[in-house]
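Hi,

Here is the structure I said I would pass on. Have a look at it first, and my notes follow underneath.

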Amino acid sequence: MGSKEASSCTIFCFLLLSFVGCKCLASVIEATQTATLKVDASPQLSRKIPETLFGIFFEEINHAGAGGIWAELVSNRGFEAGGPHTPSNIDPWSIIGDDSSIFVATDRTSCFSRNIVALRMEVLCNDCPAGGVGIYNPGFWGMNIEDGKTYNLVMYVKSPETTDLTVSLTSSDGLQNLASATITVSGSSNWTKLEQKFVAKGTNRTSRLQITTNKKGVVWFDQVSLMPADTYKGHGFRTELISMILELKPRFLRFPGGCFVEGGWLRNAFRWRESIGSWEERPGHFGDVWHYWTDDGLGYYEFLQLAEDLGAAPIWVFNNGISHNDEVDTAAIAPFVKDVLDSLEFARGSAESTWGSVRAAMGHPEPFPVKYVAIGNEDCGKKFYRGNYLKFYNAIREAYPDIQMISNCDGSSRPLDHPADLYDFHVYTDSKTLFSMRNTFDRTSRSGPKAFVSEYAVWRSDAGRGSLLASLAEAAFLTGLEKNSDIVQMASYAPLFVNDNDQTWNPDAIVFNSWQHYGTPSYWMQTLFRESSGAMIHPITISSSYSSSLAGSAITWQDSENSFLRVKVVNFGSDAVSLTISTSGLQATVNALGSTAMVMTSSNVMDENSFSNPNKIVPVKSELRNAAEQMQVTLAPHSFTSFDLALAQSKLVAEM
Ligand code: AHR
């Protein structure tokens, strides 16, 4: 999926006809407001935006990871989700047959000591139904099996007697066979690892994995995994969802939460140590804030790998001994501090170090460059936060002096009472408030730690399930962050992903199911900021009686060949605006050739994208044939426009 190109000359033409050369039948919007936007691009007034300004925050929420970007197709692959007490709930596994032909129950006989639960299947029939009896797993609301693609099955089995198992990928009712193999399990009292490749001979978006037999007897199963062979860089991530992230060119990856890090109770918080090593031996855990089980196939190592694959700086948010409902007293926090130091050694230690060697054994001898950590999430004000924070802060500072530490306490309006390199700032609010918050950091002290706006979004009624209105307010807010990027070092939207079958948090930037995905307007809005990180920012002034509905920014940036002055303007109001853009101080002339405009708008400000209409609101590109140092354009009501003025000489402000 990409932005629609200008050739279609549809919506865009009638909205911005005044500067677009193509002719359309649709009517021209009458501008009822006028405004002037002046850019002063003088080198002495320009400033470099931090390289890290815009990135992503990935949280295991809404099945963003399990049943999301992590490509594992089997849900509850180790039969642990029902808890350690057996017999347990094996959901979403189920049986093929009935209680006269098959009896399945969990027991504690696995060969993996850290996740001891396994499934015992007893086939009772001598004369089993045609097709056999057995078990099936529907994955996360159905498995997307695609014609011609390869899927790798791994499973652990044990059977006292030699038995043939039929393993198949089928439609959800079992009637359509997409791939099948007969696997012989040799009779033994030991567990055996079985591997099988499947090439699908059809497509079905809601398939299941089934394992059947006709032979009376007992078979145990554990750690049943089905992965598509084609994952991003072979590292286990769903390629098409990673492409959506890559479109944002994220400069950092904050992970793995959010509240997911805290847990409702500490016993259910994310534990990095339990999420590393071979996947078969990970115990998995129930995330009690967002209410679902994860096998932790997407663990600490995989997050670090993902950051590397995205070219993004990893930002490890760790639990600081505080959950939503319980806290560790500072007097007893030492083991938690040691645990975090171990996690940093795992990431950064040499391949010979205790924990670095575990990382190396997992396939990454080179350290992962963890330069930022957040000490907890949204815990400022909790009883033991400050005490615990200082214990972590001092220990990490001593062991890793270069690591930047992020406090949970907001330092935007008053100084922090503890040392920090950055402070976390979260905002979820209505569109008008966020639009006005573009000026929030104007008032922040220029000394002290910098801001990390790690979660921002418009929510509730203004947001629908991802409205244009929300994206306009967010775009305006981001122009304010660009302007204040001397003290705002990083920013990310939240949440990033939602599996449409489990929308715990609304809205989200990227919506998907087993086989489809789309970006909300808030996602597409962010793509127009991806060139800002590391670019030069210039002061602008907007003059108009309508200026309270307008927001904007100006940067110079360059791609591999050309340099551009980018002027972004949000029209938050319902009037069209005739806008004069004038630039001074540029070290190059503006060239109409190669200049473009990208516009996001729609006829109704509450419009959304959807699976059936994924591109209703996306940036629409066109040529900007009247581009010049001074030019006039028309801003559509409720629109976000990014004008890229091509600079004729390569003598960039940035190079001076
Ligand atoms: O982004 C969703 C949640 O909002 C995060 O888990 C938490 O940090 C915030 O409250």
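**The ligand and its shell**

By class, the shell around the ligand is made up of six nonpolar, three polar and three charged residues. Before going further, keep in mind that this is a predicted model. The residues in that shell are Glu59, Gly258, Cys259, Trp290, Asn377, Glu378, His426, Tyr428, Glu455, Ala494, Pro495 and Trp505.

Which of these come up in polar contacts with ligand oxygens? Glu59 is one of them: an N or O atom of its side chain sits 2.6 Å from an oxygen atom of the ligand. Glu378 also uses its side chain, with a polar atom 2.8 Å from a ligand oxygen. With Cys259 the backbone does the work, as one of its polar backbone atoms is 2.8 Å from an oxygen atom of the ligand. As for cover, the ligand taken alone exposes 280 Å², and the protein buries 94% of that.

**Asp424, next door in the contact list**

One residue of the ligand shell, His426, leads on to Asp424, since the side chains of Asp424 and His426 make a polar contact at 3.2 Å. Asp424 belongs to strand E21, residues 422–429. Is Asp424 buried or exposed? Its relative accessibility is 5%, so it counts as buried. The Asp424 side chain has another polar contact, this one with the side chain of Ser454 at 2.5 Å.

**A four-stranded open sheet**

Next, have a look at the open sheet formed by four strands in the order E28-E1-E31-E34, with mixed pairing. Its edges are strand E28 (540–543) and strand E34 (630–635), each of which pairs on one side only. From one strand to the next, the twist averages 20°. Inside the sheet, strand E1 (residues 33–40) and strand E31 (residues 577–584) are parallel and share eight bridges. If you want a place to start on that pair, Gln33 has Val577 in E31 as its bridge partner.

Following the chain on from E28, you get to Tyr546, in the loop between E28 and strand E29 (550–558). Tyr546 has a relative accessible area of 10%, so despite its place in a loop it is buried. For a sense of scale, try the distance from Tyr546 to Glu280: the two are 266 residues apart along the chain, and their C-alpha atoms are separated by 61 Å.

**Strand E9 and its two partners**

Why call strand E9 (residues 150–158) largely enclosed by the rest of the structure? Because seven of its nine residues are buried, where the cut-off for buried is under 20% relative accessible area. E9 pairs with strand E12 (residues 192–199) in the antiparallel sense over eight bridges, and in that pairing Leu153 has Gln196 as its partner. E9 also runs antiparallel to strand E14 (residues 217–228), joined to it by seven bridges. There, Tyr156 stands opposite Asp222.

**Arg566**

Last stop: Arg566, in strand E30 (residues 563–571). Here is a charged residue that counts as buried, at 5% relative accessibility. What does its side chain reach? One partner is the backbone oxygen of Leu528, at 3.1 Å. Another is the side chain of Glu531, with which the Arg566 side chain makes a polar contact at 2.9 Å.

Happy browsing!

How values were computed. Residues numbered from 1 in each chain as written. Predicted model: local features only at pLDDT ≥ 70, side-chain atom pairs only at ≥ 80, totals over all residues. Heavy atoms only, no water. Near = heavy atom within 4 Å. Polar contact = N/O pair within 3.5 Å; in protein donor to acceptor, adjacent residues only side chain to side chain. Areas by Shrake-Rupley, 256 points an atom, 1.4 Å probe, with all protein chains shown as cover. Pairing = 2+ DSSP bridges. Helix = DSSP H or I, 4+ residues; strand = E, 2+ residues; numbered from the N terminus. Axes fitted to C-alpha atoms, helices over the stretch in contact; angles between N-to-C directions. Buried < 20%, exposed > 50% of the residue type's maximum accessible area, 1.4 Å probe, protein only.
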